[in-house]
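User: I should be grateful for a close look at a single part of this model. Please begin with one side chain and its surroundings, and then place that part in the wider structure.

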Amino acid sequence: MLTFNILVAICLVYVVILFMVAAIAEQWAQKNKLSFLHSPIVYTLSISVYCTAWTFYGAVGSAARNGLEFLAIYLGPTLVFIGWWWFLRKLVRIGNTQRITSIADLISSRYGKSNLLAVVVTLLAVIGSTPYIALQLQSLTLSFAVFTHTNANAPSPAITAFLIAAGLAAFTVVFGTRNLDANERHHGVVTAIAVEAIVKLIALLAVGIFVVWFVADGPTDVLQNAEKMLPETTGAFTPRWVTLTFLSATAIICLPRMFQVVVVENDAEKHLATASWAFPLYLFLMCLFVVPIAVTGLEILPEGSNPDLFVLTIPLAMGQDGLAALAFLGGFSSATSMVIVAAIALSTMVSNHIVLPLWLRRAQARNPESDDVRSILLRSRRISIAGILGLGYLYYQFTGGTEALASIGLIAFLGVAQVLPALLFGLFWRNASKWGALVGILVGFTVWAYTLFLPSFDGSFILPNHVLENGLFGLSTLRPQALFGINIPDPLVHAVFWSLSLNTLVLITLSLMTTPKPLENLQALQFINVFGRSSQQHMPSQISTSEDLFVLAQRIVGRAQAARLFEDKAKEQGKLYGLPDPTSEFIVTLEREFAGSVGAATAHAMMGQISGRETVSVEELIAVADETAQVIEYSARLERQSKELAETAKELRRANDKLTKLSQQKDDFLSQVSHELRTPMTSIRSFSAILMSGEEVDHKQFVRFSSIINDESQRLTRILDDILDLSFLESGKAKLNLQHKNLGEMLEQSIIASSSINDISKADIRLSEKFASVDLVTDADRLAQVFINIISNAIKYNDKPKPIIKIDLEEGQNGIMVVISDNGPGIPEGEHEIIFEKFSKLSSGGAASGVGLGLSICAEIMRNLGGKISLRPSRTGATFAIWIPKKV
Amino acid sequence: MSEKQSFDEVNQKNRRSRKKREIALILPVIGVLLLLTPIVKLFIGSTETSPLIGALLFIFGVWAALIAAAFILSRSLIFEIRDK
């Protein structure tokens, strides 16, 4: 005989095994031995957390009372899973790319990372899940009671429930909040849940096989009995049937714990492919023996036995203690796995969306970097888990054992299902807006509470009986179970219809009326186009230094992971060491990583806080712009390109013009050179011809002619020398002979050198004293050549009786300016431009000899020395400014 | 000639994989039609077996067929998923 003590011992051993499984899985996960943990089978089994104690025990009860109705609860998820390709796949992809941590996070992230929305969904989830947790406590307590009604020493149900709640809280805290994984994945817990899934399936199959082949005489016998024992109406294919299927399909997506295992804990999208048939198969097997167990229980057990406990009581009645213990363990598994996952999911939501934002607001004055976010998160999660289980326990205490609790399962489903319109429209309609979602959820939630939740207490909680019968304020239109006077017999169908249709209506209307913010638009686009080729990753740009980011990252994701993240990024950016640049792409990555720990809204707020702003950049705006805007952007780009082309063409034309001009200049130069050479050649030729003719020339004439020939050939040589010098300088091959030299000395020598060319006796040359203190590193000979040229020009072309030449110094930052001015006739304004050109001889300076290469040579020398010679506008005389760099 | 053939092959492959995806979309619709609408009355009818047993067998039959279809589909669709 199974005693209470043996039962407790079995439970404890079972829990210890679960602990070990979870611990080993955690260790494997850390050592990256993940091949088994990553298998799609573990994923599929973990989804079976859908089958709670309510279904483990309750399905048989439901079959005994209402026929086939219970099947609807399993057909809904089946339909969702076989249609995985168009909905679940998108959901999971979004969950992975956006690092979604919970259903509240998903909704808030989709609608512009709104924390308000996250808080509302979190509260909704807590309100919807608490009765459900209470239901699990009740199932467990009832199943314990089956074994204890003969035992006087057994604790009372209240104490049993309390001990269970406390034990579950401890287990969840230990394995659910051990670490803050970047993706909020819990390998240990998931593996333990998978083990529990196997246990409950085996338990139910074992009881089923026992019932069909050992109690009854095979399937045909059971089916014949079914006709007699089960209710006449099938319960299938009625409005309630459709409603239940719909609700359960919703539950598999919207229930916080289901979202946790299906989306958050998903490692690879392709696991969904396996789950698409394996999970329906699991459900199929869970349901296979429900009807036989119900039928047999009704037949062999005494009238008035609780059909909810047939799974336990049939083996006990047949004296199969071992099988009963296995069945008990199956129920225990169902309840514990549901409570653990629900507590993890809810605590994540509460800590990310309620506790952390509050703390952030309190810490607004401080920097978020200065506190350890991780420890705050972990602590708040642990407290939330205890709090959630506490709430469940309290709820059980107040309503335990009553009808209200038994029927609360479906009621809770509908409460959480209010998230569905916001989720569906959010994934497929880009104009769905934050206010539409928020008000829609609130309206749906209110209608749910008014038409289903509060009436379920039969007038004992908030809504009194007379309101239930006559409507609020006595208005029959507002009768909770017949809104607007429309009579729908089943209160559940009535509530589902009104709450979800009003919810959807409000969502659509408000979405059409409001204009979403850019961030909201951006998120909408990323969600809807999650399968698009490249996810545009425009986000806040250049906001802070990498050091700030690193400190913040350490606090949130832990030192090791932060270091790995930053190292990888630095490597990707091509840096061998040091921190990566805070590019906008990197910041987006970081924000996603943080979102994996603290949720999108909080991560966004933290990044906003560290950057001191929360604006959206132009690129993001372009990314969210609709197609028209994208076309405009595209055509703008085309226009820009064609402008660039035009610009290039213009430049080419300019270059061509320049080349033509240069070629022209070369021709001019050649013709000028030939012309210049021809003049002396002509005189040399004619005078030498006279001398050669042998005619009588007197000595005086002979001397004159031969001196002309000599002068002209000297001039010829000078021209050729100049041309050679110039071309040498222009080609850039001239080697500079750099040396330290005092500028004063250089100028004095130049003045002396000029005197050998001209008669400077009467000239007044005023050399500034300042030059004596200037030292230069330059090619002194070349520079002197420039000075000599300018000074002798100044004397040569001077028409004043007393030429005055002033040489002054102007000092600049990296060079000096030698200014040489004279009191001569100056240079006519129209010829300022051409004096540095080759062969340019001033129209006025006819008297002097020269070929017009001197100043071009000066300009070339200065160019070679890194300086410049220019003509300064002046009222009298000519003023040349020679700029010399301090160092060549 | 051979080029044309390979074009046809690519075309065919594309069409096949598109078809698979389309079947994946249609499968849940078929499920909804069979399990949630009065279409069921066509199958159960008013034979000698009671409506409950008929409905039970029908539901489990459709269910098993859906699982089998999903199994076959998932084996070919799994190759279309490109994980990062």
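Which residues does A:Ser143 touch, not counting residues up to four places away in sequence?

Analyst: The residues that A:Ser143 touches, once those up to four places away in sequence are set aside, are A:Tyr57, A:Leu309, A:Leu312 and A:Phe328. The model is a predicted one, and this applies to everything that follows. A:Ser143 itself lies in helix α7 of chain A. Its relative accessible area is 1%, and A:Ser143 is therefore buried, the cut-off for that class being under 20%.

Helix α7 spans residues 115–148 of chain A. The loop that joins α6 to α7 contains A:Lys113. This lysine has a phi near 55°, a positive value in a residue that is not glycine. Most residues other than glycine have a negative phi. With a relative accessible area of 13%, A:Lys113 falls under the 20% limit and so counts as buried.

A second residue of this kind is A:Arg99, placed in the loop between α5 (88–97) and α6 (103–110) of chain A. Phi of A:Arg99 is positive, at about 55°, although the residue is not a glycine. The relative accessibility of A:Arg99 is 23%, so A:Arg99 is classed as partly exposed, a class that lies between 20% and 50%.

A residue of helix α16 may be considered next. A:Ala335 is found in α16, which covers residues 321–362 of chain A. Its contacts, not counting residues up to four places away in sequence, are A:Ala53, A:Gln136 and A:Leu140. A:Ala335 has a relative accessibility of 0% and therefore counts as buried. The C-alpha atom of A:Ala335 is separated by 8.9 Å from that of A:Val49, although the two positions lie 286 residues apart along the chain.

The loop between α3 (53–66) and α4 of chain A offers another case of residues distant in sequence, since A:Gly67 is found there. From A:Gly67 to A:Leu230 the C-alpha distance is 6.1 Å, while the two residues are 163 apart in sequence. A:Gly67 is buried, because its relative accessible area is 1%.

Helix α4 of chain A (residues 72–82) packs against helix α11 of chain A (residues 239–254): their axes come within 7 Å and cross at roughly 55°. That angle makes α4(A) oblique to α11(A), because it falls neither under 35 degrees nor in the range of 65 to 115 counted as roughly perpendicular. The crossing of α4(A) past α11(A) is right-handed. On the side of α4(A), the contact is made by A:Ala72, A:Ile73, A:Leu75, A:Gly76, A:Pro77, A:Leu79, A:Val80 and A:Phe81. On the side of α11(A), the residues are A:Trp241, A:Leu244, A:Thr245, A:Ser248, A:Ala249, A:Ile252 and A:Ile253. Sorted by class, the residues of this contact comprise 12 nonpolar, three polar and no charged.

Another helix pair in chain A is formed by α10 (residues 218–229) and α14 (residues 290–300), whose axes are 9 Å apart and pack at an angle of about 65°. The crossing of α10(A) and α14(A) is left-handed. Here A:Val222, A:Asn225, A:Ala226 and A:Met229 of α10(A) meet A:Pro292, A:Val295, A:Leu298 and A:Glu299 of α14(A). The contact of α10(A) with α14(A) divides into six nonpolar residues, one polar and one charged.

These details belong to a chain whose secondary structure comes to 34 helices and seven strands. Chain A has 888 residues, of which 54% count as buried. Among its contacts between residues at least 6 apart in sequence, 80% join residues at least 24 apart. The accessible surface of chain A comes to about 39,700 Å², and 59% of that area belongs to carbon and sulfur atoms.

Chain B may be described briefly. Its secondary structure consists of three helices and zero strands, giving the pattern α-α-α when read along the sequence. Chain B has 84 residues, and 32% of them count as buried. Its accessible surface is about 5,800 Å², with 63% belonging to carbon and sulfur atoms.

Terms used: Residues are numbered from 1 along each chain as its sequence is written. Chains are lettered from A and ligands numbered from 1 in the order in which they are written. This is a predicted model: local features need pLDDT of at least 70, side-chain atom pairs count only at pLDDT 80 or more; totals for chains, interfaces and linings use all residues. Side-chain values use heavy atoms; hydrogens and water are left out. Helices (H or I, at least four residues) and strands (E, at least two) are DSSP runs, numbered from the N terminus. Buried means under 20% relative accessible area, exposed over 50%, partly exposed in between (1.4 Å probe, protein chains only). Accessible areas come from the Shrake-Rupley method with a 1.4 Å probe; for residues, only the protein chains shown count as cover. Axes are lines fitted to C-alpha atoms, for helices over the stretch in contact, and angles run from 0 to 180 degrees between N-to-C directions. Angles under 35 degrees count as roughly parallel, over 145 as roughly antiparallel, 65 to 115 as roughly perpendicular and the rest as oblique. A crossing is left-handed if the near helix is turned anticlockwise from the far one by less than a right angle, and right-handed if clockwise. Contact means heavy atoms within 4.5 Å. Ala, Val, Leu, Ile, Met, Phe, Trp, Tyr, Cys and Pro count as nonpolar, Asp, Glu, Lys and Arg as charged, and the others, Gly among them, as polar.
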